[in-house]
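This briefing concerns annotated positions, the arrangement of domains and one helix. The structure under discussion is shown below.

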Amino acid sequence: MNIKNKYKITPVIGLQWGDEGKGKSVARIASHLKTSDLIVRFQGGNNAGHTIWHKSKCYVFKLIPSGVFGKAQIHLGAGMVINGAALLQETQTIPLNIQFLNRMSVSPHAVLTLPTHILLDSILEKSKGKKKIGSTGRGISPSYTDLIMRRALRVGDIFHNDFKKKYNALSLEHKNFLSNVFGYDISNKKLKEELKESEKNFWQGIKFLSSLTILNSADLVEKTLSSGNKVIAEGAQGTLLDVRFGNYPFVTSSHTIASGVGTGLGISPVSIGASIGVLKAYTTKVGEGPFPTELGGKKSAVWCRDNKFAYEKEKFQNPNPNSQDEFEQGVALRRRGNEIGAVTGRLRRTGWLDIPLVKYAIKINNATELVLTKLDILNSFEKIKVCTDYIINTQKTQKTPFDLSRKKIKCVYKSFPVWKGKLSDYGKKLPKEALDYIKFLEKILGAKIIYVGTGPEEHHVVERYW
Ligand code: GDP
Ligand code: IMO
Ligand code: MG
């Protein structure tokens, strides 16, 4: 692939609520990179789940950049939160014949996730009751909270003699908070045993982290760019999950947008080039919060919150994508798209593509090129629907309101006919109906669709503009 940005980073950013297919997109780009190029993560932690298929095997990367099967250098950047035990475990999923530790580095600024962060995450979520966010439970928000509270432990701290002391002090602060504020019994035997086990894993993770190459993100990026090599910044989560500009408070705790590349790596904003935006041909969301185009509306939101995949499979053995019941259509979309959370196994809520939201995301990220994923999932639908506008207070608009949940939004849809058979039957060409749909999206979104995903594997893609 021809990366257009020269001497600038290319952010690859999710334009929806995460799980757009960023992992596959980055892996595809990575397959064209050289050993002197670089792929970095700049935010988030193991709340991410980036799925790629390599040589017919499925991998889910949470912390390691998705370009690991290519030749480029990979880096876990300053803006990340890192669970060392999870990182160690993830490295063990990569086949032994893939040499990557010699091309992988970690920033000393990245924040460490402690076992008590994970405990805090689960208890804080439970305490919110019906107002929960639907966190992935990986301790992400408490880890970032400690950074803002200026008491976090960072990767660079591992190498100092007082690390253990600092760890014990912070861990105790967390336990005291849980006990004083939530009346949590920290002397409970079961809890103590669980924490002991997590701590054992934590220290194994720290040992592993201390064996890795530690590099300052900014230095690494600047050196790579100034010698004319490419840098790809792999976004995690999606624009609508950005902690400030997403649909607050139903967001993650980091800056998922392209500007996050600057603060997440410590580089000048002029080094950030135009983004490649990744969007699904429909919309999905895991966790709570408003979702204007959700098929089945509130019923779907509650269903996905309360039920497991096994139960849904039993209840809906063969959901009809063309059912008159929108809820059933949503189930069919989930089943066909295998929309089950890659990290938590939760049911992803499903709905039609939402142009006002994607337009907002394109603008905020300066996404001039797009990757449209999972078009093949719409194969057996009779028509594809796209929300082109919202009606808010009788006014038609494409502008995303400040807070989606405070407005009564009615969606205006446009329908498109669907091709006959499967997209894969058309090889590297796309059927007329798919092309009409793609061209409509390019026009309304004002950006080029450079890749169209026609299946989950690396080669399931149609490249355009080449
Ligand atoms: P990410 O978090 O943005 O990397 O996305 P996830 O990996 O969480 O979810 C995307 C899912 O869609 C994964 O299971 C991918 O294997 C799959 N996928 C990506 N692109 C395509 C595509 O074009 N077609 C199909 N059928 N699956 C795809
Ligand atoms: P990738 O990188 C989809 C969602 C959670 C929850 C909210 C906050 O695979 O696209 P957190 O654990 O971050 O405190 O959860 O954000 N969320 C994601 N949804 N894809 C992700 O990552 C997500 N990471 C977090 O479901 O609603
Ligand atoms: Mg994901």
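In this predicted model, leucine 347 is in contact with Val286, Trp303, Cys304, Asn307, Lys308, Phe309, Glu312, Arg334, Glu339 and Ile340, its neighbours within four places in sequence being left aside. Leucine 347 counts as buried because its relative accessible area is 2%, under the 20% cut-off. The residue is placed in the loop between H11 and S13.

**Annotated stretch with leucine 347**

- An unreviewed UniProt entry lists Ala342, Val343, Thr344, Gly345, Arg346, Leu347 and Arg348 under "binding site".
- Alanine 342 lies in the loop that runs between helix H11 (326-337) and strand S13 (349-351).
- With a relative accessible area of 26%, alanine 342 is partly exposed, whereas leucine 347, at 2%, is buried.
- Neighbours within four places in sequence aside, the contacts of alanine 342 are Gly49, Thr51, Val60 and Arg348.

**Annotated pair Asp19 and Gly49**

- The "binding site" annotation of the unreviewed UniProt entry also covers Asp19 and Gly49. These positions are spread over 31 residues of sequence, yet they cluster in space, with a largest C-alpha distance of 7.6 Å.
- Aspartate 19 is located in the loop between strand S1 (9-14) and helix H1 (22-30).
- Glycine 49 occupies the loop between strand S2 (38-41) and strand S3 (50-54).
- Is aspartate 19 buried or partly exposed? Aspartate 19 is partly exposed, since its relative accessible area is 21% and buried residues must fall under 20%.
- Glycine 49 is buried, because its relative accessible area of 11% is under that 20% limit.
- Outside its neighbours within four places in sequence, aspartate 19 is in contact with Gly49, Lys280, Val286 and Arg348.
- On the same basis of leaving out neighbours within four places, glycine 49 is in contact with Asp19, Val60, Phe61, Lys62, Ala342 and Val343.
- Links between the two annotated groups thus appear from either side: the contacts of aspartate 19 include Arg348, and those of glycine 49 include Ala342 and Val343.
- Val286 is listed among the contacts of aspartate 19 and among those of leucine 347.

**Domains and their interface**

- The domain assignment gives domain 1 (111-210) and domain 2 (294-351). The contact draws on 5 residues from domain 1 and 4 residues from domain 2.
- Taken over C-alpha atoms, the centres of domain 1 and domain 2 are separated by 33 Å.
- Interface size is often expressed as the accessible area lost when the parts come together.
- Domain 1 and domain 2 bury about 360 Å² between them, and 50% of that area is on carbon and sulfur atoms.
- How many salt bridges are counted between domain 1 and domain 2? The count is 0 salt bridges.
- For polar contacts across the interface of domain 1 and domain 2, 1 residue pair is found, both residues being at pLDDT 80 or more.

**Helix H4**

- Helix H4 spans residues 140-148, and its buried residues are Ile140, Pro142, Ser143, Tyr144 and Asp146.
- An α-helix has 3.6 residues a turn, so residues three or four places apart point the same way.
- The elements that cover the buried residues of H4 include strand S6 (81-82), strand S8 (111-112), helix H3 (115-127) and helix H5 (163-182).
- Arginine 150, which follows H4, has a positive phi, near 60°.

Note on methods: Residues numbered from 1 in each chain as written. Chains lettered and ligands numbered in written order. Predicted model: local features only at pLDDT ≥ 70, side-chain atom pairs only at ≥ 80, totals over all residues. Heavy atoms only, no water. UniProt positions renumbered as here; feature names shortened; annotations may be inferred. Helix = DSSP H or I, 4+ residues; strand = E, 2+ residues; numbered from the N terminus. Buried < 20%, exposed > 50% of the residue type's maximum accessible area, 1.4 Å probe, protein only. Contact = heavy atoms within 4.5 Å. Domains from an automatic or database assignment. Buried area = accessible area lost by both parts, 1.4 Å probe. Salt bridge = Lys/Arg side-chain N within 4 Å of Asp/Glu carboxyl O. Polar contact = N/O pair within 3.5 Å; in protein donor to acceptor, adjacent residues only side chain to side chain.
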